[in-house]
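Work through the exercises below with the sequence and the model open. Each task is followed by a solution in steps.

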Amino acid sequence: MHIPDGYLSPSTCAVMGAAMVPVLAVATKKVNKTFDKKDVPTMAIGSAFAFTIMMFNVPIPGGTTAHAVGATLLAIALGPWGATISLTIALLIQSLFFGDGGILALGANSFNMAFLAPFAGYGVYALLQKLKVGKVISSAVGAYIGINAAALATAIELGLQPVLLHAADGRALYFPYGLSQSIPAMMIAHLTVAGLVEAVITGLVVYYLMRAGEDNILYKFSYRLRGEAK
């Protein structure tokens, strides 16, 4: 799902980067208000977890990849704003040191995976909780929806490139495939493989966290799952 540099136009990168500025500003304000210093290690664990599972990329046609993200899991454990910061940090490190996702495309990748995915997934999770669905099932369904929402956004951003920016002879200047090709390429891989992997991982980790005892290092990571007020 990581978009490399050169696939999006500079103007698209600028717009997506600008879109993330207020998101990160609000996220920072929310986290500063609700988190304390004891939560910093928890956020670091979240970033490390997301970083690790996102490194298992499966190439798909068109030049991008399919992989799990862990966005909904982090949104459940940290809150969606905390997940946004943790995932953005993971994406920043990946782009700077591992070439996984472009530096110029960081805004677009962050919007898709660090903002859209956790909020969409957490919204579905919260809705299912109101409907009295179990937390494991709610988290798995939310994770499936969240990662596919991010994949669809990625496909649209890529597929719009030949429409928005092309040479006088119609030749695409950046990503060459339109929406009719980018959306199936992204969604088939995520609806059938990556989304299911994301759902299973999220459900299993939520199941484990709900049973973690006080002697477990991850006990603090799960206080929101236990419904404990901060």
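**Exercise 1.** Decide whether asparagine 112 is buried or exposed, and find the partner of its side chain.

Solution. Asparagine 112 has a relative accessible area of 0%, so it is buried; buried means under 20% relative accessible area, exposed over 50%, and partly exposed in between (1.4 Å probe, protein chains only). Next, place asparagine 112 in helix H5. Helices are DSSP runs (H or I, at least four residues), numbered from the N terminus. Then look at the side chain: a polar contact of 3.1 Å joins asparagine 112 to the side chain of threonine 154. A polar contact is a pair of N or O atoms within 3.5 Å; within protein, one must be able to donate a hydrogen and the other to accept it, and residues adjacent in sequence count only if both atoms are side-chain atoms. Finally, list the surroundings: beyond four places in sequence, asparagine 112 touches Ile3, Ala117, Ala150, Ala153, Thr154 and Glu157, where contact means heavy atoms within 4.5 Å.

The model is predicted: local features need pLDDT of at least 70, side-chain atom pairs count only at pLDDT 80 or more, and totals for chains, interfaces and linings use all residues. Residues are numbered from 1 along each chain as its sequence is written, and side-chain values use heavy atoms, with hydrogens and water left out.

**Exercise 2.** Compare the span of H5 with the expected span, then locate its kink.

Solution. The expected span is 1.5 Å times one less than the number of residues. For the 25 residues of H5 this gives 36 Å, and the end C-alpha atoms are 34 Å apart, which agrees. Now follow the axis: a kink of about 35 degrees lies at leucine 116, shortly before proline 118. The bend at a residue is the angle between axes fitted to the seven residues ending there and the seven starting there.

**Exercise 3.** What is the phi of lysine 132, and where does this residue lie?

Solution. Lysine 132 has a positive phi of about 70 degrees although it is not a glycine. Most residues other than glycine have a negative phi. Lysine 132 sits in the loop between H5 and H6. With a relative accessible area of 75%, lysine 132 is exposed.

**Exercise 4.** Describe the setting of threonine 202.

Solution. Start with its element: threonine 202 belongs to helix H8 (residues 179-210). Its relative accessible area is 1%, so threonine 202 is buried. A polar atom of its side chain lies 2.7 Å from the backbone oxygen of glutamate 198. Leaving aside neighbours within four places in sequence, threonine 202 is in contact with Leu73, Ser139 and Ala143.

**Exercise 5.** Which residues touch the most other members of the largest nonpolar core, and which helix gives the most to it?

Solution. A nonpolar core is a set of buried Ala, Val, Leu, Ile, Met, Phe, Trp, Tyr and Cys residues joined through side-chain atoms within 4.5 Å. The largest has 30 residues, of which Met1, Met54, Val69 and Leu87 touch the most other members. H1, H2, helix H3 (71-78), H4, H5, H6 and H8 each supply at least two residues. H4 gives the most, with five residues. A second, separate core of eight residues includes Leu8, Cys13, Met16 and Ala108.
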